[in-house]
Structures are given as C-alpha cells and as structure tokens.
Amino acid sequence: MKLPNGYGTVYKLPGNRRKPWIARKTVGWTEDGKQLYYTIGYFRTRAEALDALAEYNKNPIGEDRDKTFGEIYKKWSESKYPKISKSTADGYRAGWLRLKVLENEPIRYIKKSHLQEIVDAMAAEGLSRSLLEKTKTLAVILFNWAKGDEIVSVNHGSAIELPSVVKAEKPTFSDVEIKKMDKHAEAGDVWAGTVLILIYTGMRISEMLKLTKFSINRDDWTITGGIKTDAGRDRTIPIHHKIKPLIQYWLTQPGDRLITRDGQAMSADYYRKYLYYPTLKRLEIRRLTPHSTRHTFLTLLDKAKVTTKVQQDLAGHRSYKTTADYTHPDIEVLREGINAIP
C-alpha cells in the first residue's frame, strides 16, 4: 500500500539485521535540492515501523522523541536528588539498577510488558516488596517526566502489576551444593571459597569485604566484624575448621583488606555481579541470592540443634527485649555452636 505524499517512508534494509525495517520522514531540503531525513527508528516488522511513523505524524516533536530511558533518568535525578533525603534517593537508585537494562532504549518504545518483565524477574528472585514498589514508583515518575515534555502520551509505569505479598520460604544451599563448593575450593577455586566463607560465618557480602587482615585473631582463630545493627556490629565469629585454610590463604594475599581482587578492595555490587553469580554458574549451582548464604548458615546451626541465643549472637540479630538478654557472648559457647556444623 502506497503511503500518502509527505507522510514518510517505510522500507526494509538489506542484510541480516535484528531490526531491518526503517521508518523515516523528509524534514527539509538542502540548498542543492537533496532531501533531509529524520530517522524515526528501526523495527523488527513493517507493522511496527508503520505504527511508529503514524505516531510521529500525530506528534512530530523532533529530536526529543529519541530521548532514551537513561537520558530521562539522568535529567530527572540531577534535578531531584539534591532536594530529597539520601535514604529516599538511595531507594530510587536501587530501583534504577533494575530498570537500567532499558537505559539505551528510547522511552517512547518502552511498553508495559518491558517494565512488567523486570518487576516479575525481581519478584522471582525473592527481592523485597519495598524494592518492587520503589522500582514501580520510579518508572511512573520517569514516564510522567517524559509525558510532561510530550515525548510519550501514556504512562506505562502506572500499569505495572505488583505481585501479591506472599511470604516465600527462604531458599538455602543444599548439602550437595555445599560439598561441590568445598571440592572446588580445595582444588584452588578461591571464589568458590569466598561463598563458603559467607555460608560458614553468616556474614553479608558487605561485611565480608570490609574485613581487614587485622579482623582475624590468629591466636584463637576468630573474626571480629559485622555491620548494620548494634547487635551485629563488631561481633565475634569463631572460624569453622572448613574455612580456616581459606582464611589462611587470604591472609597471605596483597592488600589491606582480607579479600580483594588483585590486592584491590571491591564493592559488594562488584563481587555480587562479577564473582558470586558467575561462580554459581560455573559450578552449576542454583542461582540463589547472596542473602541465601545467611539463611543457609542459620539453617545449618538449627539442624545442629544450636540454641536460638547462640544463633542470634553468631548472626548478629537483635531480638531480645530485656537488658539482661544483651550479655556478652562467651567465645567458647560460640565456638561450640560453630563447630556443631558438620
């Protein structure tokens, strides 16, 4: 079907392309009579290209139409973050880390299904309801920003469906998976060893990566470390015999921190993205979140019939309501609890 004069053109580009169909429109002429084109975009099908051309003809707002999701976020965040609290800004930043997979996509091409896929994946990963809500809120804000500039006409962020709140069972690594990690660590896989350190100490990634060599007491082989709460901060954790060789290895490596990448300190995000998840994939172990190592630690203690008080002291949980319960834990009692894990 021939398009009307001045409407624009849609045609297929040669070669094997992921998006072979182009939609464009003449926006002017050079002094020597050559046409100047505005490329609306590239598409998988002719129908998608025709839809984009029709949308452009209804709302031809020029180059702003091509603003990407990332550009919208950058413009909004630079304006907004200085005016809000750090904790609120950090919540939006956490949401953006998930939405960022769409940062190079023009916002007008992003549909509800793209956003829903991200939120559904977050829910399947077991992330908190709070983070899911913050991610949706950020999507709504960014689409409203674009809508105000007439880049989009529909706020697809508001159509995101959050899953119903269901208290999911916290997944833990199985005995078989732990043995597989142990086997690889013994064979020299140092990053498999770090996952074991998380499992046998109950530490969070950020806690483990903040440890220095001075955090290790070599006289009684304990770790002093921990963050987040008064109960968790600078707690004492006896070193289980299975991870003692791993700790000894890291004590010989360069750098002030205990665990480093080539002597350099790492962020929790770097470790999670480039070491933790790739290690699980390499060992063909389920993709459980890093927090599952803490759940595994507490499950192992529970199976070994270690008392709740000792479990809470080792994990750094604050759950006692009376001052009498906040006694300094006896190191030998903690060691007995740790060593109860087979």
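Which ring does the charged end of K134 sit over? Select K134 and Y92 to find out: the charged end of K134 sits over the ring of Y92, 4.8 Å from its centre. Keep in mind as you click around that this is a predicted model.

**Stop 1: the rings around Y92**

Stay on Y92 and add F69, Y73, W76, Y81, W96 and F143 to the selection. Ring pairs link these residues, Y92 included, into a cluster. Two members of that cluster, W96 and F143, will turn up again at a later stop.

While you have cation-over-ring arrangements in mind, jump to R287 and Y277. Here the charged end of R287 sits over the Y277 ring, and the distance to the ring centre is 3.8 Å.

**Stop 2: the largest nonpolar core**

Now for the interior. Select F173, M181, I247, I259 and Y271: these have the most contacts inside the largest nonpolar core, which has 42 residues. To see where the core draws its side chains from, colour helices α6 (175–186), α7 (190–201), α8 (205–210), α9 (244–251), α10 (268–282) and α11 (291–303), the elements that give two or more residues to it. Which of them gives the most? That is α7, with eight residues.

Next, centre the view on Y271 and show its neighbours. Leaving out residues up to four places away in sequence, Y271 touches W191, T194, V195, L198, I205, M208, L209, M266 and Y276.

Before moving on, select W96, L102, I110 and F143. They are among the 26 residues of a second, separate core. W96 and F143 also belong to the ring cluster from the opening stop. As background, nonpolar side chains tend to be buried together in soluble globular proteins.

**Stop 3: two tryptophans and a tyrosine**

The aromatic pairs in this model come to 13. For a good one, select W191 and W250. Their pair is tilted, at 5.5 Å centre to centre and 45 degrees between the planes. W191 sits in helix α7 and W250 in helix α9, so the pair ties together parts that are 59 residues apart in sequence.

Are these two buried or exposed? W191 counts as buried at 15% relative accessibility, and W250 is buried too, with a relative accessible area of 4%.

Keep W250 and add Y249. Their ring centres are 5.1 Å apart and the planes stand at 75 degrees, so this pair is edge-to-face. Y249 is partly exposed, with a relative accessible area of 34%.

Then bring T279 into view. T279 is found in helix α10 and counts as buried at 2% relative accessibility. Show what is around it: T279 touches W191, A192 and V195, again not counting residues up to four places away in sequence. W191 and V195 are also on the list of residues that Y271 touches.

**Stop 4: R257 in its loop**

Select R257, which lies in the loop between α9 and α10. At 30% relative accessibility, R257 counts as partly exposed. What does R257 touch? Beyond residues up to four places away in sequence, its contacts are L209, K210, L211, T212, K213 and A265. Zoom in on L209: its backbone oxygen lies 3.0 Å from a polar atom of the R257 side chain.

Draw a distance from R257 to S215 as well. The two are 42 residues apart in sequence, yet 9.1 Å apart in space, C-alpha to C-alpha.

**Stop 5: the three-stranded sheet**

Finish with the strands. Switch to cartoon and look for an open sheet of three strands in the order β4-β5-β6, with antiparallel pairing. The edge strands, each pairing on one side only, are β4 (216–217) and β6 (235–238).

Start on the β4 side. β4 and β5 pair in the antiparallel sense over two bridges, and the bridge partner of N217 in β5 is T222. The hairpin of these strands has four residues between them, and in it W221 takes a positive phi near 50 degrees.

Then cross to the other side of β5 (residues 222–225), where four bridges join it to β6, again antiparallel. Last click: select G225 and look across to R235 in β6, which stands opposite.

Terms used. Residues are numbered from 1 along each chain as its sequence is written. This is a predicted model: local features need pLDDT of at least 70, side-chain atom pairs count only at pLDDT 80 or more; totals for chains, interfaces and linings use all residues. Side-chain values use heavy atoms; hydrogens and water are left out. A nonpolar core is a set of buried Ala, Val, Leu, Ile, Met, Phe, Trp, Tyr and Cys residues joined through side-chain atoms within 4.5 Å. Buried means under 20% relative accessible area, exposed over 50%, partly exposed in between (1.4 Å probe, protein chains only). Contact means heavy atoms within 4.5 Å. Two strands pair if DSSP finds at least two bridges between them. Rings of Phe, Tyr and Trp (its six-membered ring) pair if their centres lie within 6.5 Å; planes under 30 degrees apart count as stacked, over 60 as edge-to-face and the rest as tilted. A charge sits over a ring if NZ of Lys or CZ of Arg is within 6 Å of the ring centre and within 35 degrees of the ring normal. A polar contact is a pair of N or O atoms within 3.5 Å; within protein, one must be able to donate a hydrogen and the other to accept it, and residues adjacent in sequence count only if both atoms are side-chain atoms.
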